[in-house]
Amino acid sequence: AASNYLQQRTHFNKLKSVTQETEEELLSKLEALYGILNQRLASQKQPDFLFGYRPSTADVYFFAHLAQIQEVPSTLQHIVSEYPYLQDYYQRIMNAY
């Protein structure tokens, strides 16, 4: 778990150096993105995946992002927990695969 945290922190620091944004600005943008994806999943009749009934490349990347958040305690884990459809999406894919 400690090595995962260090990897996540290193990745976050690289991202900060590229964007020149503060941690609060990055978290705000991520929270906005999570809100949009949560609404998208909520608006679908059967929200299997982001764009329908079959997984897309976007699903692969987003699931990997959520999986890392779920496994490594962080600020993002607390933020994602506020979006029930993202939680359902993550659990549905974990259970299916």
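On the side of helix H3 that faces away from its buried residues sit Thr57, Val60, Tyr61 and Glu71, which are exposed; exposed here stands for over 50% relative accessible area, buried for under 20% and partly exposed for the range in between, with a 1.4 Å probe and protein chains only. The model is predicted, so to speak of a local feature requires pLDDT of at least 70 and side-chain atom pairs count only at pLDDT 80 or more, while totals for chains, interfaces and linings use all residues. Residues are numbered from 1 along each chain as its sequence is written, and side-chain values use heavy atoms, with hydrogens and water left out.

The protein chain as a whole makes a good starting point. Its secondary structure amounts to five helices and zero strands, in the order α-α-α-α-α along the sequence; helices (H or I, at least four residues) and strands (E, at least two) are DSSP runs numbered from the N terminus. Of the 97 residues in the protein chain, 30% are buried. Among contacts (heavy atoms within 4.5 Å) with a separation of 6 or more, 55% join residues 24 or more positions apart. The accessible surface is about 6600 Å², and carbon and sulfur atoms hold 57% of that area, as computed by the Shrake-Rupley method with a 1.4 Å probe, where for residues only the protein chains shown count as cover.

Back to H3, then. Its 15 residues should span 21 Å at 1.5 Å a residue, and the end C-alpha atoms are indeed 21 Å apart; the expected span is 1.5 Å times one less than the number of residues. The buried residues of H3 are Asp59, Phe62, Phe63, Leu66, Ala67 and Ile69. Viewed down the helix axis, these buried residues of H3 fall within an arc of 160°, so they line one face; the arc is taken from the directions between the helix axis and the C-beta atoms. The buried residues of H3 pack against H2, H4 and H5.

Helix H5 (residues 84–96) has 13 residues and reaches 18 Å between its first and last C-alpha, close to the expected 18 Å. Leu86, Tyr89, Tyr90 and Ile93 are buried in H5. Down the axis of H5 the buried residues fall within an arc of 95°, so they line one face of the helix. Their cover includes H2 and H3.

What joins these helices is a nonpolar core, meaning a set of buried Ala, Val, Leu, Ile, Met, Phe, Trp, Tyr and Cys residues joined through side-chain atoms within 4.5 Å. The largest such core has 19 residues, of which Tyr34, Phe62, Leu86 and Tyr89 touch the most other members. H2, H3, H4 and H5 each supply at least two residues of this core, and H3 gives the largest share, five residues. Beyond its neighbours within four places in sequence, Leu86 contacts Tyr34, Leu37, Asn38, Leu41, Phe62 and Leu66.

Asn38 belongs to helix H2 (residues 23–43) and counts as buried at 10% relative accessibility. Residues up to four places away in sequence aside, Asn38 touches Tyr83, Pro84, Tyr85 and Leu86.

Ser74, finally, lies in the loop between H3 and helix H4 (75–80) and is partly exposed, with a relative accessible area of 24%. A polar atom of the Ser74 side chain lies 3.2 Å from the backbone nitrogen of Leu76.

Methods: A polar contact is a pair of N or O atoms within 3.5 Å; within protein, one must be able to donate a hydrogen and the other to accept it, and residues adjacent in sequence count only if both atoms are side-chain atoms.
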